[in-house]
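Thanks for making the time this morning. I would like to walk you through one chain, beginning with its overall layout and then turning to a few of its helices, so please have the display in view.

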Amino acid sequence: MKTNKKTKMEENEYWLDELLELPENHKVEPDGSVLYGCDEELRQFSQGWWLDKKNALEHVWLAKNPFNDKYDRELHRSGLRLFHPDAYRIFFPFTYVWGLIADIIHPEYGTRGDAWYRFFQSAVGEIVLLCILGLIVSGVTVIFCKLTGIGLA
């Protein structure tokens, strides 16, 4: 069956209106006005949530695609860092950690104390803190067992 390009365009003419009329894309205010766009967290597994995940994976592909020239890959990596920080942390873990360390060495904004605060608020900083806490607790336990004569099996 042959499809006409004009007919196909007429079918898709109002796709944006249909998208905006979805319940997660507009909100009716108490005064009766309608606000379009999403200003709250997307419900898990809703259409907007899936579109957000698809968009994040497209950004990842554009940033990792070896056929892109280097400039476009860096541009998409920067965009991924801004728009989808969780995907950036997952798919570029070494760059993310190096960015945290570089921020401590030479903070772009704020003081070095603010940089350390940002580091310990990140997942990597929390893991480092938990490792240090585990080493301290293990050391105290070993010292206590040695002093009291309790053997560690």
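**Layout and helix packing**

Read along the sequence, the chain runs in the pattern α-α-β-β-α-α-α-α-α-α, which gives 8 helices and 2 strands. Please bear in mind throughout that what you see is a predicted model. Of the 153 residues in the chain, 18% are buried, and among contacts with a separation of 6 or more, 23% are between residues 24 or more positions apart.

Let me start with helix α6, residues 93-105, where a simple check on length is possible: at 1.5 Å a residue, its 13 residues should span 18 Å, and the end C-alpha atoms lie 19 Å apart, which agrees. Which residues of α6 are buried? They are Tyr-96, Leu-100, Asp-103 and Ile-104, and because they cover an arc of only 105° around the axis, they sit on the same side of α6. Those buried residues pack against α5 (85-91), α7 and α8, whereas the face turned away from the buried side carries Phe-94, Trp-98 and Ile-105, which are exposed.

Turning now to two of those partners, helix α7 (residues 112-121) and helix α8 (residues 123-148) pack at an angle of about 80°, with their axes 4 Å apart, and that angle makes α7 roughly perpendicular to α8. On the α7 side the contact is made by Phe-119, Phe-120 and Gln-121, and on the α8 side by Ala-123, Val-124, Gly-125, Glu-126, Val-128 and Leu-129. By character, the residues of this contact divide into 6 nonpolar, 2 polar and 1 charged.

Notes
Residues are numbered from 1 along each chain as its sequence is written. This is a predicted model: local features need pLDDT of at least 70, side-chain atom pairs count only at pLDDT 80 or more; totals for chains, interfaces and linings use all residues. Side-chain values use heavy atoms; hydrogens and water are left out. Axes are lines fitted to C-alpha atoms, for helices over the stretch in contact, and angles run from 0 to 180 degrees between N-to-C directions. Angles under 35 degrees count as roughly parallel, over 145 as roughly antiparallel, 65 to 115 as roughly perpendicular and the rest as oblique. Contact means heavy atoms within 4.5 Å. Ala, Val, Leu, Ile, Met, Phe, Trp, Tyr, Cys and Pro count as nonpolar, Asp, Glu, Lys and Arg as charged, and the others, Gly among them, as polar. The expected span of a helix is 1.5 Å times one less than its number of residues. Buried means under 20% relative accessible area, exposed over 50%, partly exposed in between (1.4 Å probe, protein chains only). The arc is that of the directions from the helix axis to the C-beta atoms.
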